[in-house]
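Let us walk through this structure step by step. Keep the sequence beside you as you read.

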Amino acid sequence: QRVMSFRAWRHWFVGLPWSLKWFVILVLLRPLVDALYFLKDISPFLSPLYIVGGLTPVLIAASYLSDSFPEKRFSGVDLFFVLWAWLSLFNAMVLVGKDGLSVDSLGHLLYFVTPAFIYLYVRHFIQSKQDLQGLITTVLYSIIVPSVLIVYENLFMPLSTQLSRDMTRFQGIWADVVSYGMFFTTGLLAACYFFLERDTGVPDGKRVRVLVAVTITGLIGLLSIHHSASWIIFIVVFALFVWHSTGGRTSLSMLVVVVLVAGSYLIFGDAISASFGNTIQRELNVIEREDKGIEDLFHGRGHRWAAFLALWEPMPSLSKLFGVTFGTLDMRWQSVPVRYMTLRGVHSDYFRLLFATGLVGLIAYLFFLGGTFVRSLRLPKAERFLVWGGLAILVLYSVSTTPTLYATIQYICFSIIAYAASPGTATLASPTAPRFRPVAQIA
C-alpha cells in the first residue's frame, strides 16, 4: 500500500544529507518510540521518549551547524511564530531558574521549546514539493504499525484497554487512546492528499487502494477507541477532501458526505452510536443543563479549566500578558501550580498557551495559524486541502487536548505549515526548485 513508490521515496531519502536524514528516520520510528513510554517508570535514562526528547534539540542544533543544512527565506507568517517561540523559551527558562536543574525541570523545558525547534527545523528542511511529499509518505509508512495493531486487537484480543464513561477503549501499546486517534486522523490526511495530488507518477488505482485502506482502518480504530475529538476531526478532514474533490461545489459535497455518513450508519449504526453518539448526547445534556453543570462539558474538563482560570485571574497583568511564570517571580504567587498549568494536564492547548505564553503568545499563535490559512488560498487544490486539513487537526484537537505537545502532530502539521509559510511556495512546486526530482521520472 504505497503512494510515492518505495523506490522513489528511497531515492529521495538517500539523496538527503544527514542533517535532514535523521529527521525522516525519527518520523518513521516515532510510533515505536512512543510505544516504549512505560520504560520511563523504570528510569528516565532508559526511556526512548526521554532520550529522543533530549536528542532532538541537540540534533537540530547540529544540523544548523552543518554546511549541508539548507537555508530558508523569512516570511511574514514567521513573525508571529517567532514571538510565540520566544515567549515559550523565556517562560521555560524562568521556570528552570526557579526550580533549579533537575530531570523534571529539563523535561518541562523540552516540552516548552521542542515545538518551536521542530517548526524552525522543517522550515529549512522543505525546499521543494518533493520534500513535502517525502515527509507525508514517511507519515504513511509510520502508521503501518498502529494500523496492524488495531486490526489485531479487533480480530483477536485487545493489548490494553481503558474504561471511560462505561465504554471500553482500546489503547494498544501507547500511553493513551489519543495517540491512536492522532495516527488515524493524520493518516487519513496523508492518504487524501495523495489521492488529490496528480503529480506523483502513481497510478490512480494505487491511490484509491491506499485511500480505502487508510479510511477503513481509521474507522475500525475510531470505533475501538471511542474518542469524540478524533471522530469529529476524521469527519472534518474527510469533508474537506470531498469538497476539494468536487471542485469546491458545496451542495454536491454536502450531498456526498451525507450519503456516506448515512451509509456508514446503516452498516455500523450500533457501534457508531456506542462510540460517538452517546458521548455527543452527554455533552448536549450538559449544555441543556438536564443533568449536570456547564463545567462538566468535555468529560468534566470544564471543572479543570475553571479551577485554573480562578488561579490565573488574580495574577499580575504581566503574567496575563506574557505567561504565568512571570508571576512566580513574586513571592505572592510562588504557590501557583505553574507546571500543571503549562503542560498536558490542562487538556486544552488554548488554555495551555494562554497560561504558558500569555495573551500575547496565544494571539501570536492564532495569527500564525490564520496567516498560514490566508497563504494557502493561493495554493493548488491538493496542497490547499493539505494545509486546511492540517490546520483543522491542530485547531480542533486544541479544544480538549494539547496537540502541539504530541510529536505525531508536530511532525506532519508543522511540516505542512512550513511548506505553506515559505515565501516561495509557488516556486517550491515547480520542477526547477532545489533538490526537486519529479517522482514520475524516478518511479
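Ala, Val, Leu, Ile, Met, Phe, Trp, Tyr, Cys and Pro count here as nonpolar. Asp, Glu, Lys and Arg count as charged, and the others, Gly among them, as polar. Keep these classes in mind for the linings and contacts below. One more point before we start: this is a predicted model.

Begin with the enclosed spaces. How many cavities of 30 Å³ or more does a search of the whole structure find? There are four. The largest cavity has a volume of about 90 Å³. Its lining is made by Val27, Arg30, Pro31, Val139, Ser142, Ile143, Phe183, Thr186, Thr408 and Tyr411. Sort these residues by class, and you get six nonpolar, three polar and one charged. Arg30 is in this lining, and Arg counts as charged. Now look at the elements. Helix H2 (18–35), helix H6 (129–142), helix H8 (177–196) and H17 each give two or more residues to this lining. The largest share comes from H2, with three residues.

Move to the second largest cavity. About 50 Å³ of space lies in it. Find Trp84, Ser88, Tyr111, Phe112 and Pro115, which are among its lining residues. Then find Arg352, Leu353, Ala356, Thr357 and Leu405, which also line this cavity. Two or more lining residues come from each of helix H4 (76–99), H5 and helix H15 (349–376). Which element gives the largest share of this lining? H15 does, with four residues. By class, the lining of the second largest cavity has seven nonpolar, two polar and one charged residues.

Next comes an open space. The largest pocket has a volume of about 1,200 Å³. Its lining holds 40 residues, and the closest to the centre are Leu49, Tyr50, Gly107, Tyr111 and Arg344. You have met Tyr111 already, in the lining of the second largest cavity. The elements that give two or more residues to the pocket lining are H2, helix H3 (48–65), H5, H8, helix H14 (338–341) and H17. H5 gives the most, with 11 residues. The lining divides into 23 nonpolar, 10 polar and seven charged residues.

Now turn to how helices pack. Start with H5 and H17, both of which help line the pocket. H5 spans residues 103–125, and its axis comes within 9 Å of that of H17. The two axes cross at roughly 45 degrees. That makes H5 oblique to H17. The crossing is right-handed. On the H5 side, the contact is made by Thr114, Pro115, Ile118, Tyr119, Val122 and Arg123. On the H17 side, it is made by Gln410, Tyr411, Phe414, Ser415, Ile417, Ala418 and Ala421. By class, this contact has nine nonpolar, three polar and one charged residues. Two of its residues have come up before. Tyr411 is in the lining of the largest cavity, and Pro115 is in that of the second largest.

H17 has another partner to look at. Helix H16 (residues 381–400) packs with helix H17 (residues 407–421) at an angle of about 135 degrees. Their axes are 9 Å apart. H16 is therefore oblique to H17. Is this crossing left-handed or right-handed? The crossing of H16 and H17 is left-handed. H16 brings Glu383, Leu386, Val387, Gly390, Leu391, Ile393, Leu394 and Tyr397 to the contact. H17 brings Ile409, Cys413, Phe414, Ile416, Ile417, Tyr419 and Ala420. These residues divide into 13 nonpolar, one polar and one charged. Look at Phe414 and Ile417 of H17: both take part in the contact with H16, and both also take part in the contact with H5.

Finish with helix H7 (residues 144–155) and H8. They pack at an angle of about 120 degrees, and their axes are 10 Å apart. H7 and H8 are therefore oblique to each other. H7 passes H8 in a left-handed crossing. Pro146, Leu149, Ile150 and Glu153 of H7 meet Tyr180, Phe183 and Phe184 of H8. This contact has six nonpolar, no polar and one charged residues. Phe183 links back to the start of the tour, as it also lines the largest cavity.

Methods
Residues numbered from 1 in each chain as written. Predicted model: local features only at pLDDT ≥ 70, side-chain atom pairs only at ≥ 80, totals over all residues. Heavy atoms only, no water. Axes fitted to C-alpha atoms, helices over the stretch in contact; angles between N-to-C directions. Parallel < 35°, antiparallel > 145°, perpendicular 65-115°, else oblique. Left-handed = near helix turned anticlockwise from the far one by under 90°. Contact = heavy atoms within 4.5 Å. 1 Å grid on protein atoms, 1.4 Å probe; cavity = no way out; pocket = protein on both sides within 12 Å on 5 of 7 lines; lining within 4 Å. Points joined across faces, edges and corners; volume = space filled by probe spheres on them.
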